[in-house]
Amino acid sequence: MRAVELIQKKRDGAELTRDEIRSLIEGYLSERVPDYQMAAFLMAVYFRHMSERETYYLTEIMAKSGEFLDLSEIPGPKVDKHSTGGVGDKTTLVVGPLVASCGLPFAKLSGRALGHTGGTIDKLESIPGFRTALSREDFIKQVRSIGIAIAGQTGKIAPADKKIYALRDSTATVDEVSLIASSIMSKKLSIGSDAIVLDVKVGSGAFMKDLENAQKLAKLLVSIGKQHDRRTIALITDMDQPLGTMVGNSLEVLEAVRTLQGEGPEDFEELCVNLAGWMLVAGGLFESLEKAIEEVRKRVADGSAVEKFREMVKAQGGDTRVLDDPEAVLPISRKTEEIKASKAGRVVRIDAEKIGVASMVLGGGRSAKEDRIDHSVGVEVLKKRGERIEIGEPFARLYFSSKSDLERARYLVSSAYELGEETPEAVPIIREVIE
Ligand code: URA
């Protein structure tokens, strides 16, 4: 099959067959189909979309392009989690220890930062000594012995998605529902979990900017999961302002530790206990979400959740003092600058994407895969939606280094804030649950 004919077929809005999609994807992986043809195909999909059937085929073909991580040696139910990506989204760092301390094994492969959204692996690497590259054997052994391991995803899981995702990132074709759904689910199906809990972000800091598209994505994700006999639950959650108050690698670890100690910001804490609660329900440990959440909260209150995090840090070679004195252990820049209000008002909107980009230009993210990141920089959001700011009052704090583009970060953070007179309508952190 000639790639050009398949590009043309999609460009003209027709539906591709399984064999046609396979021929393109396998051709791209074996370099018979060059980047420019795959880029043209992705752009055709961006404008013409894919049917559900095409999306199922694409997901399956990408999943089968790599290895399958068999978790059957780990006793008990295995529940995976995934977020579609946001700003200040450090949920895995908290949800993992929460569910593991409730007895649900947490075997998680995570990714790195790309674009304005952060990555769990970069965040964990802020902890001195923490190893994120674990062999399959060590990963399984650790989950069997302490109930939790978080490791970097190797190129062996869904390599077709890895290659295509990098191309999408540089050709403005990330935010298309069928491409996102197949990308996420190809990785999830490559891991032998029984159930999957998905955090589908909606709002200014998410790929899906409006509720309608987020619902479409959530339904498609759930339906792909079900097709493969995985119990799949999607929570559509608010990303119309940064999650919690910290954005940036070390800063987010600091906030995760505080949250596990019961001192986290309200929106972040609520999201984490709900995600953990749903994971316990999906794993069959509880029938009722309320009871599951009650148990999760008990594990925070009695200190067992934070101790679970300590066990993981120790097992993966990290400095466990991060739990006792995180500010002394984490590389958090001492160079800070507060951004102060030039007018008074109530925060009606915070463009989360701009805050994410600000953290990136300070050095905390990557604009290209090979960029090195600075774990010490980021943005602290001092005022959230609905809060009042007086003239001269600081509303954000920048943590920077000598390499930061401070000017641009200042501009991005200032322009992310929209002030008004009226108190904006409260938006719940969990907007909808799709089962
Ligand atoms: N996360 C993924 O893994 N893939 C996407 O396409 C978007 C978010």
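**Ligand pocket and largest cavity**

The largest pocket is the space taken by the ligand. This is a predicted model, where local features need pLDDT of at least 70, side-chain atom pairs count only at pLDDT 80 or more, and totals for chains, interfaces and linings use all residues. Residues are numbered from 1 along each chain as its sequence is written, and side-chain values use heavy atoms, with hydrogens and water left out.

User: What makes a residue count as near the ligand, and which residues are around it?
Analyst: One of its heavy atoms must lie within 4 Å. His82, Thr84, Tyr165, Arg168, Ile180, Ser183, Ile184, Lys187 and Phe207 are the residues around the ligand.

User: Why is the pair between Lys187 and the ligand called a polar contact?
Analyst: A polar contact is a pair of N or O atoms within 3.5 Å; within protein, one must be able to donate a hydrogen and the other to accept it, and residues adjacent in sequence count only if both atoms are side-chain atoms. A polar side-chain atom of Lys187 is 2.5 Å from a ligand oxygen atom, so the pair qualifies. For Arg168, an N or O atom of the side chain lies 2.8 Å from an oxygen atom of the ligand. For Ser183, the partner is a nitrogen atom of the ligand, at 2.7 Å.

User: How do you know how much of the ligand the protein covers?
Analyst: Accessible areas come from the Shrake-Rupley method with a 1.4 Å probe; for residues, only the protein chains shown count as cover. On its own the ligand has 240 Å² of accessible area, and the protein covers 92% of that.

Conventions. On a 1 Å grid over the protein atoms alone, a cavity is a set of points where a 1.4 Å probe fits but cannot get out, and a pocket is an open set with protein on both sides within 12 Å along at least five of seven lines; lining residues have an atom within 4 Å of a point. A molecule sits in a cavity or pocket if more than half of its atoms lie within 2 Å of its grid points.
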